[in-house]
Each structure stands twice: as structure tokens, then as C-alpha cells.
Amino acid sequence: MNPQKKQLRSWAKEIRKNLDMQTISKELVLKLRNSEEYILAKNIMLFYPKQGEVDLLEILEDKSKSFYLPKINGENLLCCSYKRGDELCESCFKTKEPLTDSISDKILDLVIVPALAVDRNGYRLGYGGGYYDRFLQNISAMTLVCIPENLIVDTIYPDEHDVCIKKIITI
């Protein structure tokens, strides 16, 4: 594992502990809803937040969109439909996943990706499993990260397999 990334992960988790993520999440949801990418999208994949992460689940109230959550299957992420209130189970990484069957990720217009930190070039720092990088390699949909400004860094020391995110929404 890249030692610089390991150090950045620890740093980002410490920074998040001192942020008011509830307020930040509400502000990021407002910015997201007003973004052209969100307005134009019909099929949106987001993530169920882990503790301390940005929580964008409020957008599920938008009845004009179809939403999807990821589900881990071996080394891969699958795209599964989700409506608020659908039953979820706990994954091997202690995240919530839908019980619904996976569908083709080709229908997605927008993928909102979680990140511990992101650099100014659009590379994101995840938790180290590479799930999103593998998933995003073949995605044509718009990709974005919603993250507080405090977690934007000059570089995350990207590896050759890291996939660049197309847009960063921040406050």
C-alpha cells in the first residue's frame, strides 16, 4: 500500500472528526441540487454514508430522479436500484447495501463518489480497496465528489489504476 496514501487517510479521518458534517452535508446537498450535472441527470448513483462521511441521502426525496446504490460483489461494485425505505443489509465493510438485484450501470447519468480527500486534479482518496476505481473505469456517466474544502489537497499521490473524477462540489 502506498505509504503517502496511508498517511493521507489518517490525516483526512482526523480532519473529518473536527468538522460539522451534518451542516456541511446539508450545504453540499443544496449545491448538488443546483448543479447542472444533477439537474440534467435522471439516473443517479450515490452512496450510503459511513460514519463521518458526507451524507447526501436527502436527495432521495427528489421524485423526478431514479436512484441507485452500490453493492459489493467479490472485487466489484454493482449498481442496484434504491428508493427511500427499501430494505438494506450490512456489507463486509460495514456499509449499507440494497437487497435489490443489480442492473446495468450503462443507464447511469451521474455517479456521486465517496472520498476521504480529493486532489485538485480530481483524483480521490478512498479507503484503499479500489472498488470505485474498478467500477468507474468503464463508466461513461458524469462523476463527481461532494466534499468540504478542508479535504481538498494538492495531490493524493495517484497510482496508475486511479480514476479521475470529472467534477468536485465543495463548500
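1. Let's start with a word you'll need: two residues are in contact when they have heavy atoms within 4.5 Å of each other. Take I112 as the example. Leaving aside its neighbours within four places in sequence, I112 is in contact with L32, I44, M45, L46, F47, L56, I59, L144 and C146.

2. Before going on, some ground rules. This is a predicted model, where local features need pLDDT of at least 70 and side-chain atom pairs count only at pLDDT 80 or more, while totals for chains, interfaces and linings use all residues. Residues are numbered from 1 along each chain as its sequence is written, and side-chain values use heavy atoms, with hydrogens and water left out.

3. Now the core. A nonpolar core here is a set of buried Ala, Val, Leu, Ile, Met, Phe, Trp, Tyr and Cys residues joined through side-chain atoms within 4.5 Å. Buried means under 20% relative accessible area, exposed means over 50%, and partly exposed is in between (1.4 Å probe, protein chains only). The largest core has 52 residues, and L32, L46, L56, V111 and I112 touch the most other members. Helix α2 gives the largest share of this core, 5 residues. As background, nonpolar side chains in soluble globular proteins tend to be buried together.

4. On to the sheets. Helices (H or I, at least four residues) and strands (E, at least two) are DSSP runs, numbered from the N terminus. Two strands pair if DSSP finds at least two bridges between them. One open sheet has 7 strands in the order β6-β3-β2-β1-β7-β10-β12, and its pairing is mixed. Its edge strands, each pairing on one side only, are β6 (102-103) and β12 (167-170).

5. Which strands in this sheet run parallel, and which antiparallel? Here are three pairings to trace. β1 (residues 43-45) and β7 (residues 110-112) pair in the parallel sense over 2 bridges, with M45 partnered by V111 of β7. β2 and β3 (residues 76-82) are antiparallel over 7 bridges, and Y68 has S81 of β3 as its bridge partner. β3 and β6 are antiparallel too, over 2 bridges; there, C80 has S102 of β6 as its partner.

6. Have a look at the turn joining β2 and β3. These strands form a hairpin with 2 residues between them, and G74 in the turn has a positive phi of about 65°. Positive phi also turns up outside glycine: K94 has a phi near 65°, and Y157 has one near 60°. K94 lies in the loop between β4 and β5 and is exposed, with a relative accessible area of 62%. Y157 lies in the loop between β11 and β12 and is partly exposed at 36%.

7. Where does helix α2 sit? Helix α2 (residues 21-33) lies across β7, β10 (142-147) and β12, running at about 135° to β12. For that angle, axes are lines fitted to C-alpha atoms (for helices, over the stretch in contact), and angles run from 0 to 180 degrees between N-to-C directions.

8. Don't miss the other sheet. It is open, with 3 strands in the order β9-β8-β11 and mixed pairing. The edges are β9 (124-125) and β11 (152-153), each pairing on one side only. β8 (residues 117-119) runs parallel to β11, joined by 2 bridges, and D119 has V153 of β11 as its bridge partner.

9. Rings next. Rings of Phe, Tyr and Trp (its six-membered ring) pair if their centres lie within 6.5 Å; planes under 30 degrees apart count as stacked, over 60 as edge-to-face and the rest as tilted. The structure holds 1 aromatic pair. In it, F93 and Y131 meet edge-to-face, 5.5 Å centre to centre with 75° between the planes. The partners are 38 residues apart: F93 in the loop between β4 (88-90) and β5 (96-98), Y131 in helix α4 (residues 131-136). F93 is partly exposed at 40% relative accessibility, whereas Y131 is buried at 14%.

10. Two lysines also deserve a look. A charge sits over a ring if NZ of Lys or CZ of Arg is within 6 Å of the ring centre and within 35 degrees of the ring normal. K50 lies over the face of Y127, 4.0 Å from the ring centre, and K65 lies over the face of Y38 at 4.8 Å.
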